[in-house]
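Trainee: Got a minute to walk me through this one? I'm new to it and would like to start with a helix.

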Amino acid sequence: MEYVRLGSTGMKVSRICLGMMSYGDPAKWSEWVLDEAAAEPIVRRAADAGVTFFDTADVYSAGSSEEVTGNLLRGIFPDRDDYVLATKVFFPLGEGVNDRGLSRKHIHSAIDGSLRRLGTDHVDLYQIHRWDHETPIEETMEALHEVVRAGKARYLGASSMSAWQFAKAQHVAEVNGWTKFVTMQNHYNLLYREEEREMNPLCADQGVGLIPWSPLARGLLARAGSDAETTRADSDGRIGALYTDADNDRLILGRVAQVAREREVPPAQVALSWLLHQPGVTAPITGATKDRHVDDAVAAVDLELTDKELAFLAEPYRPRAVAH
């Protein structure tokens, strides 16, 4: 495993981040979610392979993912400083009108709830899950700064939004002397590269680390060259909403499958290796519900694609609608 600085911070993370959305309570989220007992050997396998970076959110399994994440990490790592823990705030957890968004009221309530479920006194990275169109960004950035000053979070991160929104948030924090974002968790993979237009260059210029979500396009890239379906694919309604150019996707998936055959490795390793080669990418957030998912992610770190292979994989892509 390789370890790199998280953006321009001094904190180091593994080049693979294990996404914990797959663990929690299937009754509260989806049938493909694993409970704590089923998740434990997979998370331990990742830790044994050197993964030290873990990402969840308060909304996953209505809070159960944070509970499972906290229980597992405390049981696997001997010391809290041995791993980097990230969670997110924005989406509703209840029916209350203030139980959502990025108001000062909700942010302070949400971080306390997350810490309680995670069983820790701080998270290393606290992220806004989306942009809040109803709350002034000044209120949000000051509240997040208060969370950091209180010692409840070490760093701040953001997730999918427009580049102008991210630039505005960073500017508001800078002029007021508040804590700025150090990471961007955006939607980025071989089947969706619209972030290369503005967000990725902005983050590279500002020293913000990219930790892309859905690096395997919700499993489509992992199944390149195969007609096999999965429980998640069968029940995931967002696949069709996020990946709308079926003809172009087939071309790209065909090239992933071809490189995988030539290299004699699974397609997932090829797709993740391509992403790890992209400028500014710190650690893709990969989900895992089987041992092989962990093994492929870890192996991708050491898979060196040639410039020719990288260009071959990227060449067919054509622009598509923005999908956050």
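Trainee: What span should the 15 residues of α3 have at 1.5 Å a residue?

Mentor: Keep in mind that this is a predicted model. For α3 the expected span is 21 Å, and its end C-alpha atoms are 21 Å apart, which agrees.

Trainee: Which residues of α3 are buried?

Mentor: H106, I107, A110, I111, G113, S114, L115, R117 and L118 are buried in α3.

Trainee: And what do the buried residues of α3 pack against?

Mentor: Two helices and two strands: α2 (64–76), α4, β5 and β6 (123–128).

Trainee: Why would residues a few places apart in a helix point the same way?

Mentor: An α-helix has 3.6 residues a turn, so residues three or four places apart point the same way.

Trainee: What follows α3?

Mentor: G119 does, and its phi is positive, near 70 degrees.

Trainee: You mentioned β5. Where is T87?

Mentor: T87 is in strand β5, which covers residues 84–89.

Trainee: Is T87 buried or exposed?

Mentor: Buried, because its relative accessible area is 0%, and the cut-off for buried is under 20%.

Trainee: Which residues does T87 touch?

Mentor: Leaving out residues up to four places away in sequence, T87 touches T56, A57, D58, E66, S114, L118, V123, L125, Y126 and Q127. Two of those, S114 and L118, are among the buried residues of α3.

Trainee: Let's switch to charges. How many salt bridges are there?

Mentor: The count comes to 17 salt bridges. In general, side chains of opposite charge can pair when their charged atoms come close.

Trainee: Can you give me one that involves α3?

Mentor: Sure. R104 and E146 meet through their side chains in a salt bridge, at 3.4 Å from N to O. R104 lies in helix α3 (residues 104–118) and E146 in helix α4 (residues 137–149), so this pair ties together parts that are 42 residues apart in sequence.

Trainee: How accessible are R104 and E146?

Mentor: R104 counts as partly exposed at 29% relative accessibility, and E146 is partly exposed too, with a relative accessible area of 26%.

Trainee: What about D112, which residue does it form a salt bridge with?

Mentor: K152, with the closest N and O atoms 2.8 Å apart. That pair also links distant parts of the chain: K152 is in the loop between α4 and β7 (153–159) and D112 is in helix α3, 40 residues apart. K152 is partly exposed at 23%, and D112 is partly exposed at 36%.

Trainee: Any others I should look at?

Mentor: Try E174 and K180, a salt bridge whose closest N and O atoms are 3.4 Å apart. E174 is exposed, because its relative accessible area is 52% and the cut-off for exposed is over 50%. K180 is partly exposed at 29%. There is also a network, in which salt bridges that share partners join R45, D291 and D295.

Trainee: New topic, rings. How many aromatic pairs does a search of the whole structure find?

Mentor: It finds seven aromatic pairs. One of them is F54 with F77, an edge-to-face pair with 5.8 Å centre to centre and 70 degrees between the planes. F54 is in strand β4 (residues 53–55) and F77 is in the loop between α2 and β5, 23 residues apart.

Trainee: Are F54 and F77 buried or exposed?

Mentor: F54 counts as buried at 0% relative accessibility, and F77 is buried with 12%. F54, F77 and Y83 form one aromatic cluster.

Trainee: Why is the pair of F166 and F181 stacked?

Mentor: Their ring planes are at 20 degrees with the centres 5.8 Å apart, so the pair is stacked; the cut-off for stacked is under 30 degrees. F166 is in helix α5 (residues 163–176) and F181 in strand β8 (residues 181–185), 15 residues apart. Both F166 and F181 are buried.

Trainee: Which ring does the charged end of R255 sit over?

Mentor: The ring of F312, at 4.4 Å from its centre.

Trainee: Last one: how many disulfides does a search of the whole structure find?

Mentor: Zero disulfides. The sulfur of C17 is 16 Å from the closest cysteine sulfur, in C203, which is too far for a bond.

Trainee: Where do C17 and C203 sit, buried or exposed?

Mentor: C17 is buried, with a relative accessible area of 0%, and C203 is buried as well, with 1%.

Terms used:
Residues are numbered from 1 along each chain as its sequence is written. This is a predicted model: local features need pLDDT of at least 70, side-chain atom pairs count only at pLDDT 80 or more; totals for chains, interfaces and linings use all residues. Side-chain values use heavy atoms; hydrogens and water are left out. Helices (H or I, at least four residues) and strands (E, at least two) are DSSP runs, numbered from the N terminus. Buried means under 20% relative accessible area, exposed over 50%, partly exposed in between (1.4 Å probe, protein chains only). Contact means heavy atoms within 4.5 Å. A salt bridge is a side-chain nitrogen of Lys or Arg within 4 Å of a carboxyl oxygen of Asp or Glu. The expected span of a helix is 1.5 Å times one less than its number of residues. Rings of Phe, Tyr and Trp (its six-membered ring) pair if their centres lie within 6.5 Å; planes under 30 degrees apart count as stacked, over 60 as edge-to-face and the rest as tilted. A charge sits over a ring if NZ of Lys or CZ of Arg is within 6 Å of the ring centre and within 35 degrees of the ring normal. A disulfide is a pair of cysteine sulfur atoms within 2.5 Å.
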